Amino acid sequence: MSNFDIGLISLPVLIFLIFIRMPIGVAMIVCGLGGTALVFGDWTVVLAKMKSETYSTFSSHSLSIVPLFLLMGQFASLGGMSQSLFRAAEAFLGHRKGGVAMASVGASAGFGAICGSSLATAATMGQVALPELRRAGYEGGFATATLAAGGTLGILIPPSVVLVIYAILTEQNIAKLFMAAFIPGLLAAIGYMLTIAIYVRVFPGSEQIKSRMPYSERLTALLAVWPVLLVFFLVVGGIYFGWFTPTEAAAIGAAGTGLIALFSRALTLDNFVDALLSTASNTAMIFLIVLGASYYNGFLALTQVPQEMSQYVVAMGLSPWVVLTVILLVYLVFGCIMDSLSMILLTIPIFFPIISGLDFGLSPEETALWFGILVLIVVEVGLITPPVGMNLFIINSMDKETRLGATYKAIMPFIASDILRTIILVMFPSLTLYLVRLFY
């Protein structure tokens, strides 16, 4: 059996291990180290690789961004920023038909701008907005679906942990990726709000439309979100304007949200310890997957599977757009059974060389940035796609009265919005690249 054959066989073996509920990080470690042993026929090479690969992976300075962004999200949750965001959005949108649901999406977008994690955004905004949605008379499935969809904005609107991992894997500029995600993130929020506006008219329910707030009260609610604006400007603005490196910006963001939580008297010693422990736990989970991906991707490089597949696809003479469409469809299918980070780490080393070898009329860097945002969007769709959309489970677990099937049914219009947005961004790459071209 050739090395290439060993590499190909490892893919279905890996998927099988995931299906039997082995943690994705462990499954990739097993396949990566086991495959390496088969290629070399010597376990001493594997032991040496465990030492060298582990050190080289975790000695990367860029990975320090991950726990810092996660800690920033923890402090933001404690500091009451989610409540102030929801109140501000409700002040401007609550008087419209479907306004409270739209406010939930707007608040999720704002919280995503200081969090960087979809699951954290969904969980935090679910605690704040779900009682308000039910109190306003929204049907349970639609309320949970709205918050699940809004939660996906956490990884699309900068800063984004998943984008950081993509940048590390493909050796791209993190600041440019954040800038490229800005317009697609706004389109996602607007698309969800339009979906809500259409849904409440096609399926009228018993939701209550709030009275229009006076402008003085709107201004008061808007001024209450100044901590969010300050953190976002320092973190994302600091990266864009070159004041800080991404790692420095993440550290400043974590420190800033921590101080805001402290001055708001929401940060106690117990809360501080809980935030650190939660950050450590989530970081450990992510880093285990990163280590597994490092082992497995190193094994694939030995077998030449990504390079051979890239050359094979290019030699087929298929249209680059057909290849891109197939890859995005694969992501949509994978999204039904895998979490977002696992998909990125497992597939990018295979798909990125293929995309890089095709001509889309863009420079290599622009192709990498554009593809990264497209991948992020379809991965985001996976978070709300039945049967294993993680955001759906998180939000549904907060509403014991709503059946999961009702959430599945109500999420479909939001998935349709995501697919339409993906098609638009595929057809018009300049939407994604506009700000990058403008400022760089």
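In this predicted model, the side chain of Ser160 places a polar atom 3.3 Å from the backbone nitrogen of Leu163, and a polar atom of the Ser160 side chain also lies 3.4 Å from the backbone nitrogen of Val162. Ser160 itself is found in the loop between α9 and α10, the latter helix spanning residues 161-170. With a relative accessible area of 0%, Ser160 counts as buried, because buried residues are those under 20%. When neighbours within four places in sequence are left aside, the residues in contact with Ser160 are Gly116, Ile155, Phe178 and Leu376. Ser118 is separated from Ser160 by 42 residues in sequence, and the distance between the two C-alpha atoms is 8.7 Å.

Thr170 belongs to helix α10. Its relative accessibility is 7%, so that Thr170 counts as buried. The Thr170 side chain reaches the backbone oxygen of Tyr166, at a distance of 2.8 Å. If residues up to four places away in sequence are not counted, Thr170 touches Ile348 and Phe352.

Helix α8 comprises the twelve residues 140-151 and reaches 17 Å from its first C-alpha to its last, a span close to the 16 Å expected at 1.5 Å a residue. This helix is mostly covered, with twelve of its twelve residues buried. Among the buried residues of α8 are the glycines Gly140, Gly141, Gly150 and Gly151, and the buried positions also include Phe142, Leu147, Thr144 and Thr146, together with Ala143, Ala145, Ala148 and Ala149. The elements against which the buried residues of α8 pack are α6 (99-112), α7 (118-135), α9 (153-156), α11 (174-202), α20 (390-396) and α21 (404-427). At the N-terminal end of α8 the cap is provided by Glu139, a side-chain oxygen of which lies 2.9 Å from the backbone nitrogen of Gly141.

Helix α7, one of the elements that pack against the buried residues of α8, carries a salt bridge between Arg135 and Glu132, in which the closest N and O atoms are 2.7 Å apart. Arg135 and Glu132 are separated by about one helical turn, because they are three residues apart in α7. The two partners fall into separate accessibility classes: Arg135 is exposed, with a relative accessible area of 54%, whereas Glu132 counts as partly exposed at 24% relative accessibility.

By the rule applied here, the count of salt bridges comes to six. A further pair is formed by Glu366 and Arg437, whose closest N and O atoms are 2.9 Å apart. This pair links distant parts of the chain, since Glu366 lies in helix α19 (residues 364-382) and Arg437 in helix α22 (residues 429-439), with their positions 71 residues apart in sequence. Glu366 is buried, having a relative accessible area of 18%, while Arg437 is partly exposed, with a corresponding value of 41%.

In helix α21, the side chains of Asp418 and Arg421 meet in a salt bridge with an N to O distance of 2.1 Å. Asp418 and Arg421 are three residues apart in this helix, which corresponds to about one turn, and Asp418 and Arg421 are both buried. Through salt bridges that share partners, Glu380, Asp418 and Arg421 are joined into one network.

Helix α21 also contributes to the surface, where a nonpolar patch of about 680 Å² is made by Leu187, Ile419, Leu420, Ile423, Ile424, Met427, Phe428 and Leu431. The element that gives the most to this patch is α21, with five residues. One of the patch residues, Ile424, is found in helix α21 and is partly exposed, with a relative accessible area of 34%. The value for Ile424 is therefore compatible with membership of the patch, because patches are made of residues with over 30% relative accessible area and no salt bridge.

How values were computed. Residues numbered from 1 in each chain as written. Predicted model: local features only at pLDDT ≥ 70, side-chain atom pairs only at ≥ 80, totals over all residues. Heavy atoms only, no water. Helix = DSSP H or I, 4+ residues; strand = E, 2+ residues; numbered from the N terminus. Expected span 1.5 Å × (residues − 1). Buried < 20%, exposed > 50% of the residue type's maximum accessible area, 1.4 Å probe, protein only. Contact = heavy atoms within 4.5 Å. Polar contact = N/O pair within 3.5 Å; in protein donor to acceptor, adjacent residues only side chain to side chain. Patch = residues over 30% accessible without salt bridge, like charges linked within 9 Å, V, L, I, M, F, W, Y side chains within 5 Å. Areas by Shrake-Rupley, 256 points an atom, 1.4 Å probe, with all protein chains shown as cover. Salt bridge = Lys/Arg side-chain N within 4 Å of Asp/Glu carboxyl O.
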